[in-house]
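Biologist: I'd like to learn how to read a model like this one. Could you walk me through it, feature by feature?

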Amino acid sequence: MPTSFPMLSENRLRDDDGLFHGLLHNGMVGVYVIQGAHFRYVNQRFAELFGYQPEDICGQLGPLDLVIPQDRPRVAATMAQRLHSQAEFAHYSFRGQTRNGQHLDLEVFGIRTTLDGAPAIVGMLVDVTGRCASERAVTEQLNFTAQVIEAIPSPLFFKDEQGRYVGCNKAFEQFIGRQRNELLGRSVFDISPPDLAERYHAADQALFDNPGIQTYEASVQSTDGLRRDVIFNKATYSRADGTLAGLVGIITDITDRKQSEALIWMQANYDALTGLPNRRLLNERLRESMRRSQRREDCVAVMFIDLDRFKEVNDTLGHEAGDKLLMEAARRIVACVRETDTVARQGGDEFMVLLPGLADRSAIERIASDIIQTLAQPFSLDADAAYVSASIGITLFPQDGDNPVTILKNADQAMYHAKEEGRNRYSYFSPAMQAQAQERLRLGKELRRALRNQELRLYYQPILQLASGHVTKAEALLRWAHPERGLIQPGDFIPIAEELGLIDSIGSWVFEEATAAALRWYQQDLPPIQLTINTSPRQFAKGQSLEFLLERLQHLPLDGARIGLEITENTLLDEHPAITAQLARLCAAGVQVSLDDFGTGYSAMAYLKRLDIDYLKIDRSFVRDLATDPSDLAITEAIIAMGHKLGLQVVAEGIETVEQRQLLLAAGCDLGQGYLFATPMPEAEFIAYLQAGG
């Protein structure tokens with residue numbers, strides 16, 4: 001059984017010399033007695049704190065001698081209150097000063113008493129220097145953190161584990177239009193519309209269930225009712241014991257970016273004149289319709305519509321009248337089809353109609369007949385009336401082809417057959433129309449011979465700085481010197497080379513010839529010029545020609561920056577890892593990359609941020625009508641502005657007039673090429689052009 005002891009009385013403690021002796025000799029607490037202006041007693045601990053022996057202090061020093069000057073008035077006042085019976089007890093802190101001038105943080109517990117018939121103070125003093133230093137460090141850290149949070153320009157907020165707001169910065173207050181005191185302790189259901197609150201709550205709960213980091217896009221509505229698109233970046237934080245304490249979130253406003261992207265997407269996917277989907281969007285919808293058709297095992301019909309004699313309207317009544325006719329023609333075609341169908345403007349006076357899920361030929365022919373009849377009606381163009389007709393080519397998936405390229409090609413062939421049959425009619429694609437395909441096959445065989453017989457040639461077209469007129473780049477353009485047909489443009493044989501698997505061999509030949517030319521220019525001490533080379537998507541995805549180029553650059557005394565590659569947007573369509581890796585390797589070798597025909601293909605804006613692209617090249621289709629089509633000018637200006645925002649230089653191709661150059665220069669375009677400056681030329685002529693000063 002444990003031994004129990006009776007409670008000690010105050011008298012018993014007072015009379016117990018051992019207890020009092022233990023207190024005085026405590027190694028942790030300084031004990032002192034003050035009477036008059038001096039210490040009458042200090043224990044060993046007290047004296048050591050200040051670097052003295054007890055005999056150095058007692059009768060020699062007063063309390064204020066051990067206090068830093070700044071704290072002496074306060075200490076003197078508290079002592080005076082007790083010595084003059086104004087206060088019996090005192091508990092306060094002050095900063096002491098040791099014998100060698102060091103400062104201490106001290107905490108005092110003192111009581112007034114009477115000693116030898118005169119008032120005195122008996123007290124204990126504790127050294128709290130370490131604790132105060134820690135508290136100051138914590139306070140400074142908290143102040144620093146608070147200042148950093150307030151300085152962050154992005155809205156920032158904190159929530160507890162119940163999802164209630166426990167803090168935010170000024171940017172958050174301004175962003176949502178509420179003061180901090182309106183937020184603290186409240187949940188998203190108290191301050192946000194129900195639909196947004198449910199979204200936020202679900203996201204918070206998912207993060208609490210799986211602590212870590214979370215990122216998602218949503219909207220935020222401020223008190224003025226305006227909703228903005230944002231990105232939430234959130235992360236959980238824990239208490240000292242490791243339990244979940246809540247989350248911290250940062251908001252990034254992406255409203256302007258979204259609007260810019262939407263505008264550029266609209267401009268890139270819809271025809272500015274008619275408001276119809278353009279070729280790019282048509283191709284996308286055709287691919288999706290074909291995938292859906294394969295799942296449902298039904299049919300997709302495609303119509304290629306060309307307006308007969310439209311050029312006569314343009315030539316006689318002018319482009320403005322021609323534009324009005326195209327807009328009215330678009331409206332009439334749309335009125336002939338179902339809401340689920342797609343009518344697109346292919347370009348010029350060509351339209352495409354996509355009819356998914358339509359296998360009944362009688363229904364297809366009824367639509368074709370309606371389009372022919374409605375387009376045959378007169379077009380009222382202010383004071384004039386114009387008459388056109390329509391030739392329509394029809395092809396069917398999957399009967400006539402298994403991919404969008406084949407389907408559209410066959411529709412085009414069928415349309416030309418309708419024209420050959422007298423126009424103002426429709427024609428289905430048929431195997432009899434394969435004569436042209438046979439011709440392409442023959443051309444393919446001759447192309448294999450061209451490689452063996454060295455019939456390929458490189459021509460060079462200068463690319464100039466628009467502001468200064470200096471030639472800084474040149475594009476290597478491939479030509480086929482056919483022994484019977486003369487020079488054949490790459491557009492007539494490169495697609496065949498891709499189909500036959502010859503593109504890699506041709507690409508290696510082009511790289512070899514181009515690097516050799518670049519080396520000759522370097523050795524001839526010509527002005528430093530970057531030679532850009534066109535590439536095919538297949539060279540990036542599967543071919544070995546890029547390996548050939550990289551290896552060749554390693555063995556030539558030629559800076560990689562002397563060579564540039566031009567790729568099309570379709571190269572980036574699938575963001576294939578091999579393509580990303582190839583771009584990174586080219587960048588590491590110093591080879592710069594231009595995105596060719598920008599705005600006409602996939603227009604993959606996100607890739608421009610992530611991939612190693614150095615130049616955007618505006619397609620000639622936008623440059624051609626800069627002076628006459630405000631939409632083309634607006635698209636061009638948007639591309640230039642976007643390119644510069646992303647740190648890219650912008651090249652315009654197909655410049656043929658001084659007015660085009662001036663408009664591009666005013667829009668901030670960096671570089672340009674076209675017949676206004678020079679046509680593509682053989683190497684000898686190109687060198688002479690450079691030596692003559694361009």
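Modeller: Helices (H or I, at least four residues) and strands (E, at least two) are DSSP runs, numbered from the N terminus. This is a predicted model, in which local features need pLDDT of at least 70 and side-chain atom pairs count only at pLDDT 80 or more, while totals for chains, interfaces and linings use all residues. Residues are numbered from 1 along each chain as its sequence is written, and side-chain values use heavy atoms, with hydrogens and water left out.

Biologist: Where is serine 508 found?

Modeller: Serine 508 sits in helix H18, residues 503–523.

Biologist: Is serine 508 buried or exposed?

Modeller: Buried means under 20% relative accessible area, exposed over 50%, partly exposed in between (1.4 Å probe, protein chains only). Serine 508 counts as buried because its relative accessibility is 18%. Leaving aside residues up to four places away in sequence, serine 508 touches Ser545 and Phe548; contact means heavy atoms within 4.5 Å.

Biologist: How do I read the packing of two helices?

Modeller: Two packed helices are described by the angle between their axes and the distance between the axes. Axes are lines fitted to C-alpha atoms, for helices over the stretch in contact, and angles run from 0 to 180 degrees between N-to-C directions. Here H18 packs against helix H20 (residues 545–555) at about 20°, with the axes 8 Å apart. So H18 is roughly parallel to H20, a label for angles under 35 degrees (over 145 is roughly antiparallel, 65 to 115 roughly perpendicular, the rest oblique). Residues meeting at this contact include Gly507, Ser508 and Phe511 in H18, and Ser545, Phe548 and Leu549 in H20.

Biologist: And the sheet: which order do the strands have?

Modeller: Two strands pair if DSSP finds at least two bridges between them. The order is E12-E13-E11-E16-E17, an open sheet of 5 strands with mixed pairing. Strands E12 (342–347) and E17 (425–428) stand at the edges with a single partner strand each, so one side of each has no neighbour in the sheet.

Biologist: How do side chains point from a strand?

Modeller: In a regular strand the side chains alternate between the two faces of the sheet. In E11, Val300, Val302, Phe304, Asp306 and Asp308 point one way, and Ala301, Met303, Ile305 and Leu307 the other, all of them buried.

Biologist: How many bridges join E11 to E13?

Modeller: E11 and E13 run antiparallel, joined by 7 bridges. One partnership to look up is isoleucine 305 with phenylalanine 351 in E13. E11 also runs antiparallel to strand E16 (residues 389–397), with 9 bridges.
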